[in-house]
Amino acid sequence: MITTEQILKALSNVEEPDLGKDLVTLNMVKDIEIDGNKVTFTVVLTTPACPLKDLIRNACINAIHHLVSKDAEVHVNMTANVNSNRKDGKSLLPKVKNIIVVASGKGGVGKSTVAANLALALSEGGAKVGLMDADIYGPSVPIMFGVRGHRPMMVNVDGKGMIVPLEKHGIKLMSIGLLIDEKQAVVWRGPMASSALKQFITDVYWDELDYLVIDMPPGTGDIHLTLVQTVPVTGAVIVTTPQDVALADAKKGIAMFNGPQINVPIIGLVENMSYFTPAELPNNKYYIFGKDGGKRLAEDLEIPFLGQIPIVQSIREGGDEGVPAMLSGEDATKLAFMGFASTAARSIAMRNANIAPTKIVEVFV
């Protein structure tokens, strides 16, 4: 007769590939049920976007067949509970598990497009996701999500009036572009822009989120410093294009986050506009901006490489029309963003398992 102890002993031989420990030690095996030769249990993954689900499921089945009973009828349910490594007091964003910044050393590399589609891809995998547009001077979220002219509502939370993010395509959204007329230029000095960012953190009711993706402005300035001095950032995704001029600025962005005074882990680097593929020649790749520059930079700096996103006309059209590429139905583009998001989610999970929690930067000299 099959016992729970036999099942756990067998599954203690199945390793979670990213975290490097077995499923039982990681407490990822739940709800074991045994009915004669029928064995059912649940494996709780660290992210819904995990691309290794099938590998883990098959390893569990093989372990039970080899170590318990070759006649066992094994059913493995896969679910996810996004891990978090926040050890701060959670006085701000208390129900947000991971705060992920999407940054670049320069503008024009498609950072906002990458941030928007990262949020959508994580959400499609089953995660609860918010997208904060921290580019105060050049907000793009209202256009990219088709919510131009929309205004957020207010709600009372524990006696405090708070802004409720807009929701579109399952993503919670906040941007300065939702609070001011789009024809109005934001002519603010640094302290005013920093104050607006703080309000997006303290006065917006984000509620429960697995990931809050923050679309940062280009460069390495006030907004970046304000953010790391306000909340513990889980990690940074760096966006670049393949050519040398973009790579040089991406290095500066990486150096800022890696600096001893900030010390925010790099989740990885994604190369945008890697190659051009015309719709009528879907198998052709034209390397307009050079080839594999971002990939080489990630290897040189020993940071995770999260993938390559092509230049496809539908990406530009979707952003302008308020239907991001993840929702456009164009398979090659969607696959590229899904692959990037899955790799990013795995890198976040490994960061949480292996690296000490990020601390809020209290003093910057």
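**Reading salt bridges**

Author: Let's start with Lys70, which is exposed, with a relative accessible area of 65%. Keep in mind that this is a predicted model.

Reader: What makes Lys70 count as exposed?

Author: The general idea is a cut-off: exposed means over 50% relative accessible area, and buried means under 20%. Lys70 has 65%, so it counts as exposed. Asp71 is exposed too, at 52%.

Reader: Which residue does Lys70 meet in a salt bridge?

Author: To read a salt bridge, look for a side-chain nitrogen of Lys or Arg within 4 Å of a carboxyl oxygen of Asp or Glu. Here the side chain of Lys70 pairs with that of Asp71, at 4.0 Å from N to O.

Reader: And how many salt bridges turn up in the whole structure?

Author: A search finds 11 of them. One is between Asp210 and Lys97, whose closest N and O atoms are 3.7 Å apart. Asp210 sits in strand 12 (residues 209–215) and Lys97 in strand 6 (residues 96–103), so this pair ties together parts 113 residues apart in sequence.

Reader: Is Asp210 buried or exposed?

Author: Buried, at 11% relative accessibility. Its partner Lys97 is partly exposed, at 24%.

Reader: Where else does a salt bridge link distant parts of the chain?

Author: Try Lys334 and Glu124, whose side chains meet at 3.2 Å, N to O. Lys334 belongs to helix 10 (residues 331–354) and Glu124 to helix 3 (residues 111–124), with the two positions 210 residues apart in sequence. As for accessibility, Lys334 is partly exposed at 26%, and Glu124 is partly exposed at 43%.

Definitions and conventions
Residues numbered from 1 in each chain as written. Predicted model: local features only at pLDDT ≥ 70, side-chain atom pairs only at ≥ 80, totals over all residues. Heavy atoms only, no water. Buried < 20%, exposed > 50% of the residue type's maximum accessible area, 1.4 Å probe, protein only. Helix = DSSP H or I, 4+ residues; strand = E, 2+ residues; numbered from the N terminus.
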